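Open the model in your viewer, with the sequence panel beside it, and follow the selections below in the order given. Each stop names what to pick and then describes what is found there.

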Amino acid sequence: MSVIQIENLVRDYGGGKGIFNVSFHVNQGEAFGFLGPNGAGKTTTIRHLMGFLRPQSGKCTIDGLDCWNERDKVQAKLGYIPGEISFFDDMSGTDFLKFIADYRRIGTQSRKEELLERFELDPKSKIKKMSKGTKQKLGIVAAFMHNPDILILDEPTSGLDPLMQSRFVHFIAEEKEHGKTILMSSHMFEEVERTCDRIGILRKGKMIAVDSAIALHERHTRSYTVTLENEAAAKAFAADFNGIYNGVKATVTTKQSLEEIFMNYYGGE
């Protein structure tokens, strides 16, 4: 069952900027990775899902609710990390989390405490004095502390150090195991590869590939058979490249990383 559904979504800013007939879906309990460079249209797509932008044409729904016409109901269901998080800088992190809890009418604070501990965040200081990484942790806690079933994450590890990036990837994997539905835009190929079931690649506002991570890898896997001068050379060649040999012929298989696959679609741009 599709929880997130986008059909022929268009937002044309002119000059080739925007998104054009974008269509994809995210199923219940699935993690969907959304890839594309800056300016490709990822954030524009996500802003439509959040009900911040009205489609010029096309439609997007979450849990069957129209993202524009029923945006209050949609937003109540979501955990959202924007690409650039805006805070009330004069607040402390503690006050900000209390504000979010009151806004969302969150009764229990147990999830908040768990997240503060997991991401090693002390929220007592003023937000304007926090580093970018600390602000990002605060955004993560705010997005997840009401334990939403649907997560929309726009570059969620931006500014985090490698340790916290890895911790976040493990956390997302756990959320997925708990049946959460996740749409994650990212520049971090490794985190998409480790967490996402399917991947969509956006180029100049158009979806140029949507497939399972396994299928994308299979499509970009190549086998080569090389004839060597003798069996010993074929055996040595196969051993060097984790291949197999038969007589004087050695066969090796190359599997591209997600980053290499992405660059194939972008033609080296």
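Begin by selecting strand 7 in this predicted model, a strand that is mostly covered, since 5 of its 5 residues are buried. With side chains displayed, Ile-150, Ile-152 and Asp-154 point one way from the strand while Leu-151 and Leu-153 point the other way, and all are buried. Add strand 6 (residues 78-81) to the selection, and you will find it joined to strand 7 by 4 bridges, the two running parallel; Leu-78 has Ile-150 as its bridge partner in strand 7. Then add strand 8 (residues 181-185), which pairs with strand 7 in the parallel sense over 5 bridges, and look for Asp-154, which stands opposite Ser-185 of strand 8.

From strand 7, follow the chain into the loop that leads to helix 6, and stop at Thr-157, which is found in that loop. Is Thr-157 buried or exposed? Its relative accessible area is 4%, and it is therefore buried, the cut-off for that class being under 20%. Which residues are in contact with Thr-157, once its neighbours within four places in sequence are left aside? They are Gln-136, Gln-165, Phe-168, Met-188 and Glu-191.

Two residues of that contact list, Gln-165 and Phe-168, lead on to the next selection, helix 6 (residues 162-177). This helix has 16 residues and reaches 23 Å from its first C-alpha to its last, close to the 22 Å expected at 1.5 Å a residue. Colour its buried residues, which are Met-164, Gln-165, Phe-168, Val-169, Phe-171, Ile-172 and Glu-175. These residues cover an arc of only 165° around the axis, which puts them on the same side of helix 6. The spacing has a general background: an α-helix has 3.6 residues a turn, so residues three or four places apart point the same way. Turn to the other side of helix 6, and there Pro-162, Leu-163 and Glu-177 are exposed.

Both ends of the helix deserve a separate view. At the start of helix 6, a side-chain oxygen of Asp-161 reaches to within 3.1 Å of the backbone nitrogen of Leu-163, whereas just after the helix Gly-179 takes a positive phi of about 90°.

Next, select helix 1 (residues 42-49) and centre on Leu-49, which has its place there. Leu-49 counts as buried because its relative accessibility is 0%. Beyond its neighbours within four places in sequence, Leu-49 is in contact with Ile-4, Ile-6, Cys-60, Ile-62, Cys-67, Val-74, Ile-152 and Leu-183, and among these Ile-152 takes you back to strand 7. Ile-4 lies 45 residues from Leu-49 in sequence, but the two are 8.4 Å apart in space, C-alpha to C-alpha. Helix 1 as a whole is mostly covered, with 6 of its 8 residues buried, namely Lys-42, Thr-44, Thr-45, Ile-46, His-48 and Leu-49. Just after this helix, Gly-51 takes a positive phi of about 80°.

Now move to strand 9 (residues 198-203), of which 5 of the 6 residues are buried, so that the strand is largely enclosed by the rest of the structure. Strand 3 (residues 31-35) pairs with strand 9 in the parallel sense over 4 bridges, and Phe-32 stands opposite Arg-198 in strand 9. Strand 10 (residues 206-212), by contrast, pairs with strand 9 in the antiparallel sense over 6 bridges, with Gly-200 opposite Val-210 of strand 10. Strands 9 and 10 form a hairpin with 2 residues between them, and Lys-204 in the turn has a positive phi of about 50°.

For the last local stop, select the 4 strands that form an open sheet in the order 2-1-4-5, where the pairing is antiparallel. Strand 2 (17-27) and strand 5 (65-66) stand at the edges with a single partner strand each, so one side of each is left without a neighbour in the sheet. Strand 4 (residues 57-62) is joined to strand 5 by 2 bridges, and the bridge partner of Thr-61 in strand 5 is Asp-66.

Finally, zoom out to the protein chain, whose secondary structure comes to 10 helices and 13 strands and in which buried residues make up 46% of the 269 residues. The chain exposes about 13,700 Å², of which carbon and sulfur atoms supply 49%.

Notes. Residues numbered from 1 in each chain as written. Predicted model: local features only at pLDDT ≥ 70, side-chain atom pairs only at ≥ 80, totals over all residues. Heavy atoms only, no water. Expected span 1.5 Å × (residues − 1). Buried < 20%, exposed > 50% of the residue type's maximum accessible area, 1.4 Å probe, protein only. Arc of directions from axis to C-beta. Polar contact = N/O pair within 3.5 Å; in protein donor to acceptor, adjacent residues only side chain to side chain. Contact = heavy atoms within 4.5 Å. Areas by Shrake-Rupley, 256 points an atom, 1.4 Å probe, with all protein chains shown as cover. Pairing = 2+ DSSP bridges.
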